[in-house]
Amino acid sequence: MIPTPTDRPRRLRASAALRRLVTETHLHPAQLVLPVFVKEGITTAQPIASMPGVVQYPLGGIAEVVSAAADAGLGGIMLFGVPAERDASGSGATEPDGILNRAITAAVDAADGRITIQADLCLDEFTDHGHCGVLAPDGSVDNDATLARYADMALAQARAGAEVLGLSGMMDGQVAAVRAALDGAGFADVVILAYAAKYASAWYGPFRDAVESTLQGDRRTYQMDPANAREGVREAQQDIAEGADIVMVKPAGPYLDVLHRVAAVSSVPVWAYQVSGEYAMIEFAAAAGAIDRERAIAESVLGIRRAGADAVLTYWALEVAGWLRAGRSLS
Ligand code: PBG
């Protein structure tokens, strides 16, 4: 005889109103951050072939995207610069009139306090070899020499007006180095977002198109091994001890377990970056008719939040915020 169930979880799924009532995970537009690419020397927005729907903005287009982000109620934008020229030390990163620093100032002016202006703090967009740091004579990435460059870059970004610095280079000691430089120059209030657990991932592929990366080889001597979760927790704890105000896990979707573990122990907010490849995967699968685009987007962002992210960097930030403001549920 088949026993009649007495414990019936389906009871709470019976109507849309009930499901809404018992929804555990909510998302608000203020918990979304939009990554924005700014390219030097262009006058109109350029599409990025591997990221359909995402563009490189000209400097003159920054005010418009900042306004759109503010109107959508986003938490902020994260700026990435694409310079016209690159060299071994990534000088464009520290020059006050470098493209990223100019974009920061343009964005801060346009935002007028309505959203936070954040900047990527890493050398890879500015070096001719494409690595996140400067190279030692043997060709390896020189950790400690890079820290001095990051300290200078942090000061250039803070002077340009950036409120949140996204340290994405995965050098040891980078948070402490940047915090000391900022504090020593009167920028004690500039926030450090540490890309704490950043993995050496194939999911950054489209981003490297977006920033026209010149990288040969890979970043496995500084970004993390995708097999390691405990080490991700260690990186986050170390960054918090060095003074990180926020820690991040990246990519998001393939590393939800790491995100969950970091969120369980972190004393500071934990963010996640839904990276370019995660974006491209859904866009191209949807374009091929394989999945429902909007449902897949909603589910992917919700999953990241459910796993423990307080905020999510996503290329769909504007679109998802629009749905949320229209009262649409993500599940
Ligand atoms: C480094 C940086 C990268 C991304 C964000 N910051 C690229 C890398 O580490 O190779 C990737 C973001 C994405 O794929 O969307 N400046």
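**Note on a predicted model: loops, ligand site and a helix pair**

1. Methionine 170 belongs to the loop that runs between β6 (164-167) and α5 (174-184). The structure discussed here is a predicted model. Within it, methionine 170 has a positive phi of about 60°, although this residue is not a glycine. The reader may wish to locate methionine 170 in the loop between β6 and α5 before turning to the next point.

2. A second loop deserves attention for its backbone. Which two residues does a cis peptide bond join? The bond links lysine 250 and proline 251, and its omega is about -10°. Proline 251 is placed in the loop between β8 (246-250) and α8 (256-265).

3. Lysine 250 also takes part in the surroundings of the ligand: a polar atom of its side chain lies 3.1 Å from a nitrogen atom of the ligand. There are 18 residues around the ligand, and those that come nearest are Asp124, Lys198, Arg208, Lys250 and Tyr315.

4. Two further polar approaches involve oxygen atoms of the ligand. For lysine 198, an N or O atom of the side chain is 2.7 Å from a ligand oxygen atom. For arginine 219, the corresponding distance between a side-chain N or O atom and an oxygen atom of the ligand is 2.9 Å. How much of the ligand's area does the protein bury? Taken alone, the ligand exposes 410 Å², and the protein buries 100% of that.

5. The last point concerns two helices. Helix α10 (residues 293-307) packs with helix α11 (residues 317-325) at an angle of about 95°, and their axes are 11 Å apart. Because angles of 65 to 115 degrees count as roughly perpendicular, α10 is roughly perpendicular to α11.

6. Which residues form the meeting of these helices? On the α10 side they are Arg293, Glu294, Ile297 and Ala298, and on the α11 side they are Glu319, Val320 and Trp323. By character, the residues of this contact of α10 with α11 comprise four nonpolar and three charged, with no polar ones.

Notes:
Residues numbered from 1 in each chain as written. Predicted model: local features only at pLDDT ≥ 70, side-chain atom pairs only at ≥ 80, totals over all residues. Heavy atoms only, no water. Axes fitted to C-alpha atoms, helices over the stretch in contact; angles between N-to-C directions. Helix = DSSP H or I, 4+ residues; strand = E, 2+ residues; numbered from the N terminus. Parallel < 35°, antiparallel > 145°, perpendicular 65-115°, else oblique. Contact = heavy atoms within 4.5 Å. Nonpolar A, V, L, I, M, F, W, Y, C, P; charged D, E, K, R; others polar. Near = heavy atom within 4 Å. Polar contact = N/O pair within 3.5 Å; in protein donor to acceptor, adjacent residues only side chain to side chain. Areas by Shrake-Rupley, 256 points an atom, 1.4 Å probe, with all protein chains shown as cover.
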